[in-house]
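Reader: I'd like a close look at one part of this protein rather than a full tour. Could you pick a helix and walk me through what surrounds it?

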Amino acid sequence: AEYLFCGPDVRSQRRGSLESWRDGVASMATAPMFLGLGVSFAGALLKPMGFNGFAVHICGDQGCGKSTALELASSVWQSPEHGQQWSATVNGLENVLAGFNDACCCMDELGEFRGTRLDNIIYMIASGRGRARSDQTGTANRPQKRWRGTLFSTGNVTASQHTSEELHGGQSVRFIEIPVLANESTKSGAHADAVKRLTKANYGY
């Protein structure tokens with residue numbers, strides 16, 4: 001069957017070469033970075049495999065290399081300098097997710113989320129549809145935003161720590177949290193800088 005890719009137009013956000021990006025990843029990526037890459041590539045495989053979207057969140061102390069792993073995952077689709085932030089409003093988040101259909105949305109700093117119901121956001125990410133809203137007259141519904149993709153997230157805190165409530169049942173399946181220890185994602189400051197140089201010079205492949 002023919003598969004039509006509907007993700008972001010990476011051709012307009014492409015720099016460097018696939019070979020340089022691939023060789024750099026092979027030589028420098030650590031386990032958390034490979035995890036992020038797997039989540040990033042998985043976004044394009046959901047439709048042909050018949051899977052729903054999901055999110056993976058890595059958390060740990062500042063300086064453990066979370067943001068570097070996020071930048072590498074983001075470089076699959078776009079310049080890592082165009083990364084997304086959890087500080088967006090719910091409406092803004094819907095627009096962001098819809099822009100990464102059949103792809104992976106990479107979001108930094110879960111602790112900056114200011115909404116009151118993170119659990120609803122988790123279900124929204126996995127369901128692939130935004131909230132139903134009425135038009136200005138109140139007599140008809142506006143078209144819902146829709147998407148199908150993955151989300152790779154970072155933060156100093158877990159979702160449970162941020163909301164002071166444990167994730168339950170379907171939430172923990174849709175929003176998978178993995179702790180990252182110090183120096184597990186990046187081996188040193190020089191290593192992190194080398195990965196950042198790689199992703200700024202080569203992305204969108």
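Author: Let's take helix H4 and work outwards from there. Keep in mind that this is a predicted model. H4 covers residues 66–74 and packs on the sheet, where it touches S1, S4 and strand S3 (104–108). Its direction makes about 160° with that of S4.

So much for the helix; now the sheet it sits on. That sheet is open and built from five strands with parallel pairing, in the order S2-S3-S4-S1-S5. Strand S2 (84–85) and strand S5 (175–179) are the edges, each pairing on one side only. Two of the strands that H4 touches, S1 and S4, pair with each other: residues 54–59 of S1 run parallel to residues 150–155 of S4 over six bridges. If you want a spot to click on, try Cys59, which stands opposite Gly155 in S4.

H4 has a helix for company, too. The axis of helix H2 (residues 31–42) comes within 8 Å of the H4 axis, and the two cross at roughly 35°. The crossing is right-handed. On the H2 side, the residues involved are Pro32, Met33, Gly36, Leu37 and Ser40, and they meet Thr68, Ala69, Leu72 and Ala73 of H4. By type, that contact has six nonpolar residues, three polar ones and no charged ones.

To put H4 back in its setting, the chain has nine helices and five strands in all. Of its 205 residues, 45% are buried. Among contacts between residues at least 6 apart in sequence, 80% join residues at least 24 apart.

Key: Residues are numbered from 1 along each chain as its sequence is written. This is a predicted model: local features need pLDDT of at least 70, side-chain atom pairs count only at pLDDT 80 or more; totals for chains, interfaces and linings use all residues. Side-chain values use heavy atoms; hydrogens and water are left out. Two strands pair if DSSP finds at least two bridges between them. Helices (H or I, at least four residues) and strands (E, at least two) are DSSP runs, numbered from the N terminus. Contact means heavy atoms within 4.5 Å. Axes are lines fitted to C-alpha atoms, for helices over the stretch in contact, and angles run from 0 to 180 degrees between N-to-C directions. A crossing is left-handed if the near helix is turned anticlockwise from the far one by less than a right angle, and right-handed if clockwise. Ala, Val, Leu, Ile, Met, Phe, Trp, Tyr, Cys and Pro count as nonpolar, Asp, Glu, Lys and Arg as charged, and the others, Gly among them, as polar. Buried means under 20% relative accessible area, exposed over 50%, partly exposed in between (1.4 Å probe, protein chains only).
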